[in-house]
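Colleague: Could you put the model up so we can go through it?

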Amino acid sequence: LPISAECGDNSSSALFTYLADPVLEAIEPNVAIEASASTITVFGERFSQHGHFRLRIGYTALSCDVFNSSFATCSGQIKPIITEVKVSNDGHNFVASSVLLRVHARPRFIQIHPPAVGFPVIAVGSGFRTDLELQCRVGPSTMGAAIASSTYLRCLTTFKSAGMVTLEITD
């Protein structure tokens, strides 16, 4: 149970506050792709609103904005790992939880097979995972990616005319 204290120079008394341990109930997302900057939404109880609340993923502590005692958002760099997520009200003493976060390596592309107009775009690479809910953006259109295996995915196109388009795969 962390304690914060304030003491005066010529005083024999101190004012302090007990901070109850936070309780982590859930995070969103609980599956993600590694990124240089990610935001995780945190749900639970007894989150400190005094600026010291932190979320720890593996060995990385993320800074958090606490909106109320049961809701916060935390931002930072996350790397590939499957681990228990921990929380702290003082930034030092982290409390274990049963909440897990799975962070997967970013998918890599080896080949993109451009389609004829109206046919699927086929991507060959590595790290395509069904639990990542990947999306394809082809030009201005976004649709779900059909993942056949960890090395093969398809994106349906909606174009009716030929021309240069951008393909982006996102989570």
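## Fold, disulfide and Ala148

Colleague: Start with long-range contacts. What share join residues at least 24 apart?
Modeller: Among contacts (heavy atoms within 4.5 Å) in the protein chain between residues at least 6 apart in sequence, 51% join residues at least 24 apart. This is a predicted model, where local features need pLDDT of at least 70 and side-chain atom pairs count only at pLDDT 80 or more, while totals for chains, interfaces and linings use all residues. Residues are numbered from 1 along each chain as its sequence is written, and side-chain values use heavy atoms, with hydrogens and water left out.

Colleague: How many helices and strands?
Modeller: The protein chain has zero helices and 17 strands. Both are DSSP runs numbered from the N terminus, with helices (H or I) of at least four residues and strands (E) of at least two.

Colleague: Which cysteines form a disulfide?
Modeller: Cys64 and Cys74, with sulfur atoms 2.1 Å apart; the cut-off for a disulfide is a pair of cysteine sulfur atoms within 2.5 Å. Cys64 sits in strand E7 (residues 60-68) and Cys74 in strand E8 (residues 71-78), ten residues apart. The search of the whole structure finds one disulfide.

Colleague: And what is the handedness of that link?
Modeller: Right-handed, with 105° about the S-S bond.

Colleague: Are those two cysteines buried or exposed?
Modeller: Both Cys64 and Cys74 are buried, meaning under 20% relative accessible area, against over 50% for exposed and partly exposed in between (1.4 Å probe, protein chains only). Of the 171 residues of the chain, 32% count as buried.

Colleague: Different topic. Why does Ala148 count as exposed?
Modeller: Because its relative accessible area is 56%. Ala148 lies in strand E15 (residues 146-149).
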